[in-house]
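Here is a short briefing to read alongside the structure. Have the viewer open, and let us walk through it topic by topic.

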Amino acid sequence: MTYTIEAVGLLKSYRGHTVLKALDLGIRQGEVFALLGPNGAGKTTAVRILATLLRPDGGTARVAGHDVVTAARQVRAAISLTGQYAAVDELLTGRESLVMMAKLRRLGRREARRRADDLLERFDLTDARDRRVATYSGGMRRRLDLAAGLVSRPRVLFLDEPTTGLDPRSRREVWAAVVDLARSGVTVLLTTQYLEEADHLADRIAVLDHGRVVAEGTAAELKARAGTGTIELFFPDAPTLDLASTTTSGLVDHEKLSLRVPGDGSAHAVRELLNLMVRNGIHVDRLDLHRPTLDEVFLSLTDRALEGV
Amino acid sequence: MLRDSLTFIDRGLRHSVRSVDALLVAVVLPVVVLLLFVYVFGGAITVGTQYLDYVVPGIIVLCAGYGAAGTSVGVNTDMTTGVIDRFRSLPIAASAVLAGHVVASVARNVVSTSLVLVVALLIGFRPAGGPIAWLGVAGVLLLFMTGISWLAACFGLLARRPETAGAFSFVVMFLPYLSSAFVPTGTMPAALRGIADNQPVTPVIETLRGLMLGGPVGDHGTRALLWCTGFVVVGVVGAAFLFRRRTAP
């Protein structure tokens, strides 16, 4: 199996501080792959190496079949990078920005304009196309930034924290754009510190911490690592709750009058639990199922709290 | 490379026209300085000829500095905002972005110089040089502006932040004051005169003055050409080196 993005043992350090410790990645054609990790985990460094902007101290990486160090130009012809900060020209209009990018990608004048208009349409920026980017909202800038990365129909797209600093609404807009892109078959490597984002967008996720991959798999596989989830039972009053807590082990919440019992949420597990309550004459008002979240996975895998998230 | 440079020149020109404050500094300020020197200080300065005729070359050289200051800031902004990463991830020579800034800078200077000349003619500037002399003026000025603009690009590549890059304008603005731009160097104290006579701006101004007013140019012409060519060479080589260092993978 050949990978579209493949990294073997990537090393990088800055002034004695190791940022990447033998990073390995294998990303297949058409996959949306998320590098998930807290600030300083090495996500941006990894992307910059794969996008030919940074030279690794050790290890090798190939993107679209070309070595990122010895065949940087061929790699650049196949990729597109959307950086952490929207790299858009405030003084140009949205359309001018895209036409400029298209020209730099060797499209002719007419073709460049047509491509720009197509992309403006696709990213819902047609109404704003002749306004200066300085007047755009954060979400619009990111969408323009994404569009600028697509003028050349890249095979591989790097998105470095595409939604950092965006409000929830703008984030949804960018997500929709990424989902749309993924459908067109482009291989996407995105970095994020938002678990929800990785969960929503990625086919596979690698959790990065201190410069190495500490876990890798689908969102479901990673969640399975965090245990089975819980069933939360709610009771009408405190005595009933107390009685229930003697029949099975679980986490008692006196405020909510609830009991959280480990369980995978299958019909069988729920029926067993309710039967147990009925046999003991305990009345249950209602119940909630709690699926394990990526947060739990993340916190159990990384030894740092997620500061600032 | 040429095609990408043209794309970046187009970008630089659009930037120039749209950054209103930079445009005002580059285009309007020289005219204001001209009027200031002619009507406020000029009356108290005796140079042997009409002061307006004396001071116009100085003002033109002064405004080349204003125009170039925007270049330092523009280059530095590209380097510090992630824009350069986008260009570097393209299969092009990203250094072409510098050419865009430099050409836009020269274009701004040409506009502001023309404006200064038009205003000067309106208020009584009476140059005596013929067409050949004016071609010489254009040549020396273009070379000087190109050199200053490349040096400004170097400064933009050296500075850490756009604010620091803006300091370049102080250097280039200061040199004309220590030259024969506004008063003959003969009126300065000996120590200052030594600096003024041997710094690059004086021969450039004396050359322009000689050509415009039909007076002698003397060895100022050669010195001006040497200085300006030196600026261009140092500026281009320096910018190439600094760009490579700043964007080393």
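A good place to begin is the record: the UniProt annotation "transmembrane region", from an unreviewed entry, covers residues 20-42, 54-75, 96-125, 131-158, 165-183 and 224-243 of chain B. Please keep in mind that this is a predicted model. From there we can move to the domains, and then to the place where chain A and chain B meet.

**Annotated spans of chain B**

- Among the annotated transmembrane spans, residues 54-75 of chain B are 100% helix and 0% strand, with 34 Å between the end C-alpha atoms.
- Residues 165-183 of chain B are 58% helix and 0% strand, and here the C-alpha atoms at the two ends are 29 Å apart.
- UniProt also lists the feature "domain: ABC transmembrane type-2", again from an unreviewed entry, at residues 21-246 of chain B.
- Over that stretch, residues 21-246 of chain B, helix makes up 77% and strand 0%, while the end C-alpha atoms are separated by 28 Å.

**Domains of chain A**

- The domain assignment divides chain A into domain 1, made of 5-88 + 136-224, and domain 2, made of 228-291.
- Taken over C-alpha atoms, the centres of domain 1 and domain 2 of chain A are 42 Å apart.

**Where chain A meets chain B**

- How many residues does each chain bring to the contact? Chain A supplies 31 residues and chain B supplies 22 residues.
- About 2,500 Å² is buried between chain A and chain B, and carbon and sulfur atoms give 53% of that area.
- Across this interface, 14 residue pairs are in polar contact, with both residues at pLDDT 80 or more.
- On the side of chain A that touches chain B, the elements giving two or more residues are helix H2 (72-78), strand S6 (79-82), helix H3 (94-104) and helix H5 (138-148) of chain A.
- Which of these elements gives the most to that side of chain A? H3(A) does, with five residues.
- By residue type, the side of chain A that touches chain B has 15 nonpolar, five polar and eleven charged residues.

**Salt bridges**

- The whole structure holds 27 salt bridges over all chains, and the count between chain A and chain B is six.
- One pairing to look up is A:Glu96 with B:Arg14, whose side chains meet in a salt bridge at 2.6 Å, N to O.
- A:Glu96 also forms a salt bridge with B:Arg18, where the closest N and O atoms are 2.6 Å apart.
- That second pair crosses between chains, linking B:Arg18 in helix H1 (residues 2-18) of chain B to A:Glu96 in helix H3 of chain A.

How values were computed
Residues numbered from 1 in each chain as written. Chains lettered and ligands numbered in written order. Predicted model: local features only at pLDDT ≥ 70, side-chain atom pairs only at ≥ 80, totals over all residues. Heavy atoms only, no water. Contact = heavy atoms within 4.5 Å. Buried area = accessible area lost by both parts, 1.4 Å probe. Salt bridge = Lys/Arg side-chain N within 4 Å of Asp/Glu carboxyl O. Polar contact = N/O pair within 3.5 Å; in protein donor to acceptor, adjacent residues only side chain to side chain. Helix = DSSP H or I, 4+ residues; strand = E, 2+ residues; numbered from the N terminus. Nonpolar A, V, L, I, M, F, W, Y, C, P; charged D, E, K, R; others polar. UniProt positions renumbered as here; feature names shortened; annotations may be inferred. Domains from an automatic or database assignment.
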